[in-house]
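Welcome, and thanks for taking a look at this structure. Here is a short briefing to help you find your way around.

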Amino acid sequence: MTGATRRPDRPDPLDDDLGWMLGIVFRGYVRAAEHALTDFPGGPRGYQLLTAANNGPARNQGAIAEEIGIDRTVLTYLIDDLERPGFVVRRADPADRRNRLIEVTDAGRAAWEQRRSALRQVESHLLGALTPAESATLRSLLQKVACSAQAVDPLRDLCEVVTQAQADPTPAARKTGAAAVRSGRTATPRARRRSPE
């Protein structure tokens, strides 16, 4: 599946490597999404910020930064970028005047809907090998995994995961997904493999 010279009796170990699969899909999505959002203020990150601000009541910068996993300093610049064309406004929080709530404007909603439509086309293209039912199942499963990962925040505990994986080389540890990190499989083979561009 991953190589043109693959032998049927020797399957490519990357074919079931989660990191490799996610990387290929992610890179394909990012390239297409960047094209769809090329002139959007703040690019893909600006779009993510607008998506977060557009869903639910107005929230402060800290809450949005935590939700989308962006440093607060970077978020400030992204809000500035979205404020210039009038997509968002900052307003004082009635409950705490020291806080600023980020509110999406009508122009921001219109811009978000237009770009959301373009990104839906990107997603449809990327998932074109799947049936509609398979695509819906994949989205549902990815949402479950993403929400779980966000709740745990593995980026904060990555060193601990690696340490535990190195300390416990048992087969049970391999089932946790930490084996790929421990063995280095996720970095070395991907670095040697050419991007399918």
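The notes below go from the overall picture to a few selected details.

This is a predicted model, and its chain has 10 helices and three strands. The chain averages a pLDDT of 77, with 70% of the residues scoring at least 70. Buried residues account for 28% of the 197 residues in the chain.

**Overall layout**

- Following the sequence from start to end, you will meet the pattern α-α-β-α-α-β-β-α-α-α-α-α-α.
- Take the contacts between residues at least 6 apart in sequence: 48% of them join residues at least 24 apart.
- The chain has an accessible surface of about 13,400 Å², and carbon and sulfur atoms hold 56% of that area.

**Confidence along the chain**

- Among the elements of the chain, helix H5 (residues 106–126) has the highest mean pLDDT, at 94.
- At the other end of the scale is helix H10 (residues 188–192), whose mean pLDDT of 34 is the lowest among the elements.
- Please read residues 170–197 with this in mind: pLDDT stays under 50 there. For this stretch the model has 33 contacts beyond four places in sequence.

**A nonpolar patch on the surface**

- Leu18, Met21, Leu22, Leu130, Leu138 and Leu142 form a nonpolar patch on the surface, and together they have about 490 Å² of accessible area.
- Two elements give two or more residues to the nonpolar patch: helix H1 (18–36) and helix H6 (132–152).
- With three residues, H1 gives the most to the patch.
- Leu22 is one of the patch residues and is found in helix H1. Its relative accessible area is 46%, so Leu22 is partly exposed.

**Aromatic rings**

- The count of aromatic pairs comes to two.
- In one aromatic pair, Phe40 and Tyr47 meet edge-to-face, at 6.1 Å centre to centre and with 70 degrees between the planes.
- Phe40 and Tyr47 are both buried.
- Together with Phe87, Phe40 and Tyr47 form one aromatic cluster.

**A buried residue in strand S3**

- Ile102 lies in strand S3 (residues 96–104). Its relative accessibility is 1%, so Ile102 counts as buried.
- Not counting residues up to four places away in sequence, Ile102 touches Ala53, Ala58, Arg59, Gln61, Ile64, Ile79, Val88, Val89 and Arg90.
- Ile102 and Leu49 are 53 residues apart in sequence, while their C-alpha atoms are 9.9 Å apart in space.

**Salt bridges**

- A search of the whole structure finds 11 salt bridges, and three of the pairs are described here.
- Asp39 and Arg115 form a salt bridge in which the closest N and O atoms are 3.0 Å apart. This pair links distant parts of the chain, 76 residues apart: Asp39 is in the loop between H1 and helix H2 (43–54), and Arg115 is in helix H5.
- Are the two partners buried or exposed? Asp39 counts as exposed because its relative accessibility is 58%, whereas Arg115 counts as buried because its relative accessibility is 13%.
- Glu103 and Arg91 form a salt bridge with the closest N and O atoms 2.5 Å apart. Here the link runs between Glu103 in strand S3 and Arg91 in strand S2 (residues 88–93), and the two are 12 residues apart.
- Glu103 is partly exposed at 29% relative accessibility, and Arg91 is partly exposed at 32%.
- Arg139 and Glu123 form a salt bridge, with 3.0 Å between the closest N and O atoms. Arg139 sits in helix H6 and Glu123 in helix H5, so to speak two distant parts of the chain, 16 residues apart, are linked by this pair.- Arg139 is partly exposed, with a relative accessible area of 33%, while Glu123 counts as buried at 10% relative accessibility.
- Glu123 and Arg139 also belong to a wider group: Arg116, Arg120, Glu123 and Arg139 are linked in a network of salt bridges.

Note on methods: Residues numbered from 1 in each chain as written. Predicted model: local features only at pLDDT ≥ 70, side-chain atom pairs only at ≥ 80, totals over all residues. Heavy atoms only, no water. Patch = residues over 30% accessible without salt bridge, like charges linked within 9 Å, V, L, I, M, F, W, Y side chains within 5 Å. Areas by Shrake-Rupley, 256 points an atom, 1.4 Å probe, with all protein chains shown as cover. Salt bridge = Lys/Arg side-chain N within 4 Å of Asp/Glu carboxyl O. Helix = DSSP H or I, 4+ residues; strand = E, 2+ residues; numbered from the N terminus. Buried < 20%, exposed > 50% of the residue type's maximum accessible area, 1.4 Å probe, protein only. Phe/Tyr/Trp six-rings, centres within 6.5 Å; stacked < 30°, edge-to-face > 60°. Contact = heavy atoms within 4.5 Å. pLDDT = per-residue confidence, 0-100.
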